[in-house]
Structure formats: C-alpha cells, structure tokens
Amino acid sequence: MENRDDLRYQKAKERVEEIKGFYSNLTAYALVIPLLAYLNYQTTDFPWVIFPALGWGLGLLFHGICAFGYNPLFGKSWEQRKIKELMNSDEF
C-alpha cells in the first residue's frame, strides 16, 4: 500500500513541476513580448514582433495543454478505456 502512495506522490510532484514550468514560461512571455513590441515600434514600421509572439504563444498554448492535462483527442476517458481494453486483452 505504501508503494502505491509513493507512486501517487511522485506523479503529483511531477505534475506540479510541469505546472510551475508553464507559469515560468508564461511569465517570461508576458515580460519579453512587450519589450520586443516596444523595440519593434521604436526601430521599424514592419510589425516583426508578430512572429515571435505567435510562435512562442503557440508553444505556450501546447505547454499549457500538457501541463494541465487537457487533451481533446486522448483525454482521461480515452486513457481509462484503453487501460481496461489492454487489461482485458491477451497481450499481457
């Protein structure tokens, strides 16, 4: 029983680390993109800041999806069905 609690603790700890990483990434994004926008505004008329904002923003979106466990294709219900299917099959 203690081994199961240790496994649950380890998974929870990993999840917390993922969420902390996401918030660190979000903070960096919130600080850097406005600075880049200011630099862009001061130097040129071409809005090049859109490219890092969209690229990093897309990466941030996927990071958040992973960190908070939201996956519309392979969500928790899919995982549970697949686990039951594999446990009932003769593959193991």
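Helices here are DSSP runs of H or I with at least four residues, numbered from the N terminus. With that settled, here is a tour of this predicted model in a handful of close-up views.

**Figure 1. The whole chain is built from three helices and zero strands.** Reading along the sequence gives the pattern α-α-α. Of the 92 residues, 11% count as buried. The chain exposes about 7,900 Å², and carbon and sulfur atoms supply 64% of that area. If you count contacts between residues at least 6 apart in sequence, 64% of them join residues at least 24 apart.

**Figure 2. Glu-17 and Lys-20 form a salt bridge in helix α1.** A search of the whole structure finds one salt bridge, and this view shows the pair. The closest N and O atoms of Glu-17 and Lys-20 are 3.6 Å apart, which falls inside the 4 Å cut-off for a salt bridge. Helix α1 spans residues 2–43, and because the partners are three residues apart in this helix, about one helical turn separates them. Glu-17 is partly exposed, with a relative accessibility of 44%. Lys-20 is likewise partly exposed, at 47% relative accessible area.

**Figure 3. Tyr-23, Leu-26 and Phe-68 make a nonpolar patch on the surface.** Together these three residues have about 270 Å² of accessible area. Leu-26 belongs to helix α1, while Phe-68 sits in the loop between α2 (50–67) and α3 (76–88). Leu-26 has a relative accessibility of 32% and so counts as partly exposed. Phe-68 is also partly exposed, its relative accessible area being 37%.

**Figure 4. Phe-68 reaches from its loop to residues far back in the sequence, including Arg-15.** Phe-68 and Arg-15 are 53 residues apart along the chain, yet 8.1 Å separates their C-alpha atoms. Setting aside neighbours within four places in sequence, Phe-68 is in contact with Arg-15, Ile-19, Phe-22 and Tyr-23. Two of these contacts return in a ring cluster: ring pairs link Phe-22, Tyr-23 and Phe-68.

**Figure 5. The rings of Tyr-29 and Trp-56 meet edge-to-face.** A pair of aromatic rings is described by the distance of the centres and the angle of the planes. The structure has five aromatic pairs in its count. In the one shown here, the ring centres of Tyr-29 and Trp-56 are 5.4 Å apart and the planes stand at 90°. That angle is over 60 degrees, so the pair is edge-to-face. The pair links distant parts of the chain, with Tyr-29 in helix α1 and Trp-56 in helix α2, 27 residues apart. Trp-56 is partly exposed, at 27% relative accessibility.

**Figure 6. Asn-40 is a buried residue of helix α1.** Its relative accessible area is 5%, under the 20% limit, so Asn-40 counts as buried. A polar atom of the Asn-40 side chain lies 3.3 Å from the backbone nitrogen of Val-49. Leaving out neighbours within four places in sequence, the residues in contact with Asn-40 are Phe-46, Pro-47, Trp-48 and Val-49. Val-49 therefore appears twice in this view, as a contact of Asn-40 and through its backbone nitrogen.

Terms used: Residues are numbered from 1 along each chain as its sequence is written. This is a predicted model: local features need pLDDT of at least 70, side-chain atom pairs count only at pLDDT 80 or more; totals for chains, interfaces and linings use all residues. Side-chain values use heavy atoms; hydrogens and water are left out. A salt bridge is a side-chain nitrogen of Lys or Arg within 4 Å of a carboxyl oxygen of Asp or Glu. Helices (H or I, at least four residues) and strands (E, at least two) are DSSP runs, numbered from the N terminus. Buried means under 20% relative accessible area, exposed over 50%, partly exposed in between (1.4 Å probe, protein chains only). Patches are made of residues with over 30% relative accessible area and no salt bridge: like charges are joined within 9 Å, nonpolar side chains (Val, Leu, Ile, Met, Phe, Trp, Tyr) within 5 Å. Accessible areas come from the Shrake-Rupley method with a 1.4 Å probe; for residues, only the protein chains shown count as cover. A polar contact is a pair of N or O atoms within 3.5 Å; within protein, one must be able to donate a hydrogen and the other to accept it, and residues adjacent in sequence count only if both atoms are side-chain atoms. Contact means heavy atoms within 4.5 Å. Rings of Phe, Tyr and Trp (its six-membered ring) pair if their centres lie within 6.5 Å; planes under 30 degrees apart count as stacked, over 60 as edge-to-face and the rest as tilted.
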